[in-house]
Amino acid sequence: MVIGPDTTHAANKSEYPKIDSLLRRAFEKDAEAKLVKRLRKDKDMWHEMIKPWNGLVGGYAALSRMKSPDGWACLGPVAVRPEFQNGALSPNNENRRYWSFGTRLVQELCLFYTMPALPNMIERGFPEAIVVLGKKSFYERAGFNSERAQKLASPFPIEHTLIAKAGDDIPEETLVYPDAFIDFLPDYSHTFY
């Protein structure tokens, strides 16, 4: 028996208006909605996931291709309908974690990096690693690691950079984000500081 939001699935074009609406409702500014549109336009979007509930897009996460390192992705934005945030739909406090749309979306994504089948998934197009720029407490709870990101070189603050990657190495790479992230940083940065 499934408890909580519906199963995560890949977003399709017919859901783009609902995603745009969610992004505009979930954040104070429209930077995230503009960022997603730009990533799609530039063909930098790798994968978009939604977690539906009762015909609505309850949660959303985007993966875009890093320019470098090759085969890496960056996560963002991650959004949850305001009225669904913090497990608000939970019928009782004991099951709140099952109703945490954003946490579950990110946890499901990070789970792939603990699976023995990951090498086969990478061959089929899954990212070798995912970096995220965000609130450490949220992303670490969901499975990302900030300590393993400390030797990455980034145009963004390394103290807000986390990684999901198989193994326990501490990669030394230079992160080159899609142009959309650089262009929208002034408007987008409020979501991770």
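What follows is a walk through the fold, cores, helix packing, backbone oddities and one pocket of this chain. The model is a predicted one.

Starting with the overall layout, the chain holds six helices and six strands. Read from the N terminus, these elements come in the order β-α-α-β-β-β-α-α-β-α-β-α. Of the 193 residues, 48% count as buried. As for how the chain folds back on itself, take the contacts with a separation of 6 or more: residues 24 or more positions apart account for 59% of them.

Next, the inside. The largest nonpolar core has 31 residues, and those that touch the most other members are Leu23, Tyr60, Trp72, Val131, Leu152 and Tyr177. Several elements give two or more residues to this core, namely α1 (16–26), α2, β2, β3, β4, β5 (129–133) and α6 (179–188). The most comes from α2, which gives four residues. Leu152 is worth a look of its own. Leaving out residues up to four places away in sequence, Leu152 touches Trp72, Val131, Ile158, Thr161, Ile163, Pro171, Glu173 and Leu175. Two of these partners, Trp72 and Val131, are also on the list of core residues that touch the most other members. There is also a second, separate core, made of 21 residues, with Leu109, Ile130, Val132 and Ala142 among them.

On to helix packing. The axes of α1 and α2 are 8 Å apart, and the two helices pack at an angle of about 145°. On the α1 side, the residues in this contact are Tyr16, Ile19, Asp20, Leu23 and Arg24, and they meet Glu32, Ala33, Val36, Lys37 and Arg40 of α2. Sorted by class, the contact comes out as five nonpolar, no polar and five charged residues. Leu23 thus turns up in this contact as well as in the largest core.

Arg40, which sits in helix α2, has partners in other parts of the chain too. Setting aside neighbours within four places in sequence, Arg40 is in contact with Tyr16, Ile19, Met45, Glu48 and Tyr60. The C-alpha atom of Arg40 is also 9.8 Å from that of Ala180, although the two residues are 140 residues apart along the chain. Arg104, in helix α3, offers another pairing of this kind: its C-alpha atom and that of Ala142 are separated by 7.4 Å, with the two positions 38 residues apart along the chain. Is Arg104 buried or exposed? Arg104 counts as buried because its relative accessibility is 16%, under the 20% cut-off.

A loop residue is also well out of reach of the probe. Ser146 lies in the loop between α5 (136–142) and β6 (161–165), and counts as buried at 4% relative accessibility. Beyond its neighbours within four places in sequence, Ser146 is in contact with Lys136, Glu140, Thr161 and Leu162. Thr161 is a partner of Leu152 as well.

The backbone has a few spots that stand out against the usual pattern. Most residues other than glycine have a negative phi, and most peptide bonds are trans. Two cis bonds lead into prolines here. One joins Ser68 and Pro69, with omega at about 0°; Pro69 is in the loop between β3 (56–65) and β4 (72–80). The other runs from Gly76 to Pro77, again with omega near 0°, and Pro77 is placed in strand β4 itself. As for phi, Lys43 has a positive value near 60° despite not being a glycine. Lys43 belongs to the loop between α2 (31–41) and β2. With a relative accessible area of 68%, Lys43 is exposed.

Last comes the second largest pocket, which has a volume of about 180 Å³. Which of its lining residues lie nearest the centre? Out of 14 lining residues, these are His47, Met49, Leu109, Phe112 and Phe126. The elements that give two or more residues to the lining are β1 (9–10), β2 (45–53) and α3 (101–111). By class, the lining has nine nonpolar, four polar and one charged residues. Leu109, named here among the residues nearest the centre, is also a member of the second core.

How values were computed
Residues numbered from 1 in each chain as written. Predicted model: local features only at pLDDT ≥ 70, side-chain atom pairs only at ≥ 80, totals over all residues. Heavy atoms only, no water. 1 Å grid on protein atoms, 1.4 Å probe; cavity = no way out; pocket = protein on both sides within 12 Å on 5 of 7 lines; lining within 4 Å. Points joined across faces, edges and corners; volume = space filled by probe spheres on them. Nonpolar A, V, L, I, M, F, W, Y, C, P; charged D, E, K, R; others polar. Buried < 20%, exposed > 50% of the residue type's maximum accessible area, 1.4 Å probe, protein only. Contact = heavy atoms within 4.5 Å. Core = buried A, V, L, I, M, F, W, Y, C linked by side-chain atoms within 4.5 Å. Axes fitted to C-alpha atoms, helices over the stretch in contact; angles between N-to-C directions.
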